[in-house]
Amino acid sequence: MNNERRKKIKILCTELNLCLNLLDDIKNEEQDSFDNMAENLQYSMRGDTIQENIDTLEDLYDRIEETISELESL
């Protein structure tokens, strides 16, 4: 891989890291929303939906992190 493509990958990794930070902020906000719900609401359909959102955001975070790692190893 030439230097120009390496630079593009480095830029991409930087952008993906910025996305990770934003994704983490969103996940934390969703977690705060869940944590601030009354306990009986946490076990409601709404609480289940928020928890599923949190799980999905965590999974996406992990996959993006793995992608960054793979790109950096090129």
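This briefing covers the core, the salt bridges, a charged surface patch and some residue distances. The structure is a predicted model. Its largest nonpolar core has six residues, and helix 1 gives the most to this core. The salt bridge count comes to two. A negative patch on the surface includes Asp 55 and Asp 62.

**The nonpolar core**

- Six residues make up the largest nonpolar core: Ile 9, Cys 13, Leu 16, Leu 20, Ile 68 and Leu 71.
- Helix 1 and helix 3 each supply at least two residues of this core.
- Helix 1 gives the most, with four residues.
- In soluble globular proteins, nonpolar side chains tend to be buried together.

**Salt bridge in helix 1**

- Which residue forms a salt bridge with Lys 8? The partner is Glu 4, and the closest N and O atoms are 3.7 Å apart.
- That distance counts as a salt bridge because the cut-off is within 4 Å.
- Lys 8 and Glu 4 are four residues apart in helix 1, so about one helical turn separates them.
- Is Lys 8 buried or exposed? Lys 8 is exposed, because its relative accessible area is 51% and exposed means over 50%.
- Glu 4 is exposed too, with a relative accessible area of 52%.

**Salt bridge in helix 3**

- Asp 59 and Arg 63 also form a salt bridge, with an N to O distance of 3.2 Å.
- Both residues lie in helix 3. They are four residues apart, about one turn of the helix.
- Asp 59 has a relative accessibility of 37%, so it counts as partly exposed.
- Arg 63 is partly exposed as well, with a relative accessible area of 45%.

**The negative surface patch**

- Which residues form the negative surface patch? They are Asp 48, Glu 52, Asp 55, Glu 58, Asp 62, Glu 65, Glu 66 and Glu 70.
- Asp 55 sits in helix 3, which spans residues 45-72.
- Asp 55 is partly exposed, with a relative accessible area of 42%. It can join a patch because patch residues have over 30% relative accessible area and no salt bridge.
- Asp 62 is another patch member, and its place is in helix 3.
- At 40% relative accessibility, Asp 62 counts as partly exposed.

**Pairs across the sequence**

- Asn 17 is in helix 1, which covers residues 3-35. Asn 17 counts as partly exposed, at 32% relative accessibility.
- How many residues apart in sequence are Asn 17 and Ile 64? The answer is 47, while their C-alpha atoms are 8.5 Å apart in space.
- Asp 62 pairs with Leu 20 in a similar listing: 42 residues apart along the chain, with 9.2 Å between C-alpha atoms. Leu 20 is one of the core residues.
- Cys 13 is another core residue. Cys 13 and Leu 57 are 44 residues apart along the chain, and their C-alpha atoms are separated by 19 Å.
- Is Leu 57 buried or exposed? Leu 57 lies in helix 3. It counts as buried because its relative accessibility is 14% and buried means under 20%.

**A pair within helix 3**

- Arg 46 is found in helix 3.
- Arg 46 is exposed, with a relative accessible area of 53%.
- Arg 46 and Glu 70 are 24 residues apart in sequence. Their C-alpha atoms are 36 Å apart in space.
- Glu 70 belongs to the negative surface patch.

Notes. Residues numbered from 1 in each chain as written. Predicted model: local features only at pLDDT ≥ 70, side-chain atom pairs only at ≥ 80, totals over all residues. Heavy atoms only, no water. Patch = residues over 30% accessible without salt bridge, like charges linked within 9 Å, V, L, I, M, F, W, Y side chains within 5 Å. Areas by Shrake-Rupley, 256 points an atom, 1.4 Å probe, with all protein chains shown as cover. Salt bridge = Lys/Arg side-chain N within 4 Å of Asp/Glu carboxyl O. Lys, Arg positive; Asp, Glu negative; His and termini not counted. Charge placed at Lys NZ, Arg CZ, Asp CG, Glu CD. Buried < 20%, exposed > 50% of the residue type's maximum accessible area, 1.4 Å probe, protein only. Core = buried A, V, L, I, M, F, W, Y, C linked by side-chain atoms within 4.5 Å.
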